[in-house]
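Let's take a friendly walk through a protein model together. Keep the structure open beside you as you read.

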Amino acid sequence: MNKKVHVGIVGATGAVGATLLTILKERRFPIASLRCIASARSQGKRIMFDGREIEVEDLASASFKGIDIAFFSAGAERSKVYAPKAAGEGAVVIDNSSAFRMDPAVPLVVPEVNPHAAYAHKGIIANPNCSTIQMVVALKPLYDAAGIVRIVVSSYQSVSGAGAKAVYQLEQEIKGLAAHFHEGAWQIDTDIEELLGKIYEANKSETVFPYPICSNLIPHIGSFQGEDDYTQEELKMVYETKKIMEDDSIQVSATCVRVPVFWAHSETVNIQTRKPLAADRARAILAQAPGVELVDTPKDRVYPLPLFAGGRDPVYVGRIRRDPSIQNGLNLWVVADNLRKGAALNAIQIAELLLKR
Ligand SMILES: NC(=O)c1ccc[n+]([C@@H]2O[C@H](COP(=O)([O-])OP(=O)(O)OC[C@H]3O[C@@H](n4cnc5c(N)ncnc54)[C@H](OP(=O)(O)O)[C@@H]3O)[C@@H](O)[C@H]2O)c1
């Protein structure tokens, strides 16, 4: 890549924005200039990048003239208003929000799966939902080998998937709970539900989840939709998978759960392939697959874990095994860093695709 580009990051003060800055530097993205943009709350704050201080601008008054690539990660409402403005002023927008993902005129791209789609953009390219990205990276090579009829996925999604405030919520709850553990005792000296409820109430203005997340699992990500009461996150997995894989016939059933893990999402993925696909063959295919790291020697207790996936780029796949309860059934365990491959890294890889052209 010889050409240097002028880059803007909208949402630069957030969890995805910070990860974008880290990865741009790690990958030596060819930056001619960098602008950091967020809300009026952050205007004037300074962000360090590559030894330089960059002053944060207010999105409401920022101009996008002169920016070649604008990474948006400030929520769907901001993207709906300002991404078309940025594209109109000449930037190519790579949008991390859900605002344009299902717009037929906007490509939804995972570089390992449908890179060609990126080139059809009209100024905006959508970055898919984090849980969908890691699943399709793992499944596309199997789809190419044997076809996929149906996917049943359950997600175990880390708190960082809900942004910086959500990480803080879990931190506060863990600290509050820790004070009630005493050496040598396996019980805590208080009612855990009441204690976490009090911490939750005390921090309510800063909380993100509808319940305490420490020592808990919340089967509710995004609002409930339609008469079947699937959540937005679950429906994103259904519709985005079909769009990225370019196959509307794939049936997807998703259950998305928030878990008290800080970084990296995990998924159990059950697939029914069109043609038979032995577990060994699936392993051999995934061992060669772009973006995937096979971690699958269970007898040695080697399988993907969110603790190790956090801060790393690959989509880790393991626990690959036949599902004897259906014809052509396979089970997989898929883990990836939601802020990296699930957001910032995928967005930067899209930008790199554009630069290659
Ligand atoms: N977290 C993930 O794993 C993940 C994965 C895929 C996609 N995404 C998407 O990426 C986006 C950002 O997520 P996040 O996790 O980084 O959230 P976050 O940590 O809460 O950060 C939100 C960012 O948006 C900015 N923002 C909020 N309101 C704004 C406004 N009115 N005008 C301008 N900027 C505003 C914030 O700026 P201030 O600091 O000034 O408030 C901050 O920089 C969301 O659309 C999310 O759905 C997140």
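Two residues are said to be in contact when they have heavy atoms within 4.5 Å of each other. Please keep in mind that this is a predicted model.

## A buried asparagine in a loop

With that meaning of contact in hand, start at Asn129, which sits in the loop connecting E7 and H3. Is Asn129 buried or exposed? The cut-off for buried is a relative accessible area under 20%. Asn129 has a relative accessibility of 3%, so it counts as buried.

Which residues does Asn129 touch, once its neighbours within four places in sequence are set aside? They are Arg101, Glu233, Lys236, Met237, Glu240 and Gly342.

## Two domains and the core between them

Now step back to the whole chain. The protein is divided into domain 1 (5-127 + 343-356) and domain 2 (132-161 + 218-338). Their C-alpha centres are 26 Å apart. Where they meet, 17 residues of domain 1 and 15 residues of domain 2 take part in the contact.

The largest nonpolar core contains 57 residues, and Leu139, Ile151 and Leu332 have the most contacts inside it. Helix H3 (residues 130-146) is the biggest contributor, giving 9 residues to this core. Where does the core lie in relation to domain 1 and domain 2? Both domains give residues to it, so the core lies between them. Take a look at Leu139: apart from neighbours within four places in sequence, Leu139 is in contact with Ile148, Ile151, Met245, Val269, Ile271 and Leu332. A second core, separate from the one just described, has 37 residues, including Ile9, Ile69, Ala118 and Ile348.

## Helix H1

Next, find H1, a helix of 12 residues. At 1.5 Å a residue, H1 should span 16 Å, and its end C-alpha atoms are 17 Å apart, which agrees. Just after H1 comes Arg28, with a positive phi of about 50°.

Which residues of H1 are buried? They are Ala15, Val16, Gly17, Thr19, Leu20, Leu21, Ile23 and Leu24. These buried residues pack against several elements, among them strand E1 (5-10), strand E3 (46-49), helix H4 (164-178) and helix H9 (340-356). E2 and E5 are also among their packing partners.

## Helix H2 and its kink

Helix H2 (residues 76-88) has 13 residues. From the first C-alpha to the last, H2 reaches 18 Å, close to the 18 Å expected at 1.5 Å a residue. Where is the kink in H2? A bend of about 35° lies at Tyr82, shortly before the proline Pro84.

Tyr82 is also one of the buried residues of H2, alongside Ala76, Ser79, Ala83 and Ala86. The cover over these buried residues includes strand E5 (69-72), strand E6 (92-95) and strand E7 (124-126). After H2 comes Gly90, whose phi is positive, near 110°.

## Pairs of aromatic rings

How many aromatic pairs are there? The count comes to 4. One of them joins Phe29 and Phe71, an edge-to-face pair with 6.5 Å from centre to centre and 70° between the planes. Phe29 lies in the loop between helix H1 (15-26) and strand E2 (31-38), and Phe71 lies in strand E5, so the pair ties together parts that are 42 residues apart in sequence. Both partners are hidden from the surface: Phe29 counts as buried at 6% relative accessibility, and Phe71 counts as buried at 0%.

Phe64 and Phe72 form another aromatic pair, this time stacked, with 5.7 Å between the centres and 25° between the planes. Phe64 and Phe72 are buried too.

## Two loop residues with positive phi

Most residues other than glycine have a negative phi. Asp229, in the loop between strand E9 (224-225) and strand E10 (230-231), has a positive phi near 60°. Asp229 is partly exposed, with a relative accessible area of 48%.

Asn328 is not a glycine either, and its phi is positive at about 55°. You will find Asn328 in the loop between strand E14 (315-323) and strand E15 (329-336). At 21% relative accessibility, Asn328 counts as partly exposed.

Notes
Residues are numbered from 1 along each chain as its sequence is written. This is a predicted model: local features need pLDDT of at least 70, side-chain atom pairs count only at pLDDT 80 or more; totals for chains, interfaces and linings use all residues. Side-chain values use heavy atoms; hydrogens and water are left out. Helices (H or I, at least four residues) and strands (E, at least two) are DSSP runs, numbered from the N terminus. The expected span of a helix is 1.5 Å times one less than its number of residues. The bend at a residue is the angle between axes fitted to the seven residues ending there and the seven starting there. Buried means under 20% relative accessible area, exposed over 50%, partly exposed in between (1.4 Å probe, protein chains only). A nonpolar core is a set of buried Ala, Val, Leu, Ile, Met, Phe, Trp, Tyr and Cys residues joined through side-chain atoms within 4.5 Å. Domain bounds come from an automatic or database domain assignment. Rings of Phe, Tyr and Trp (its six-membered ring) pair if their centres lie within 6.5 Å; planes under 30 degrees apart count as stacked, over 60 as edge-to-face and the rest as tilted.
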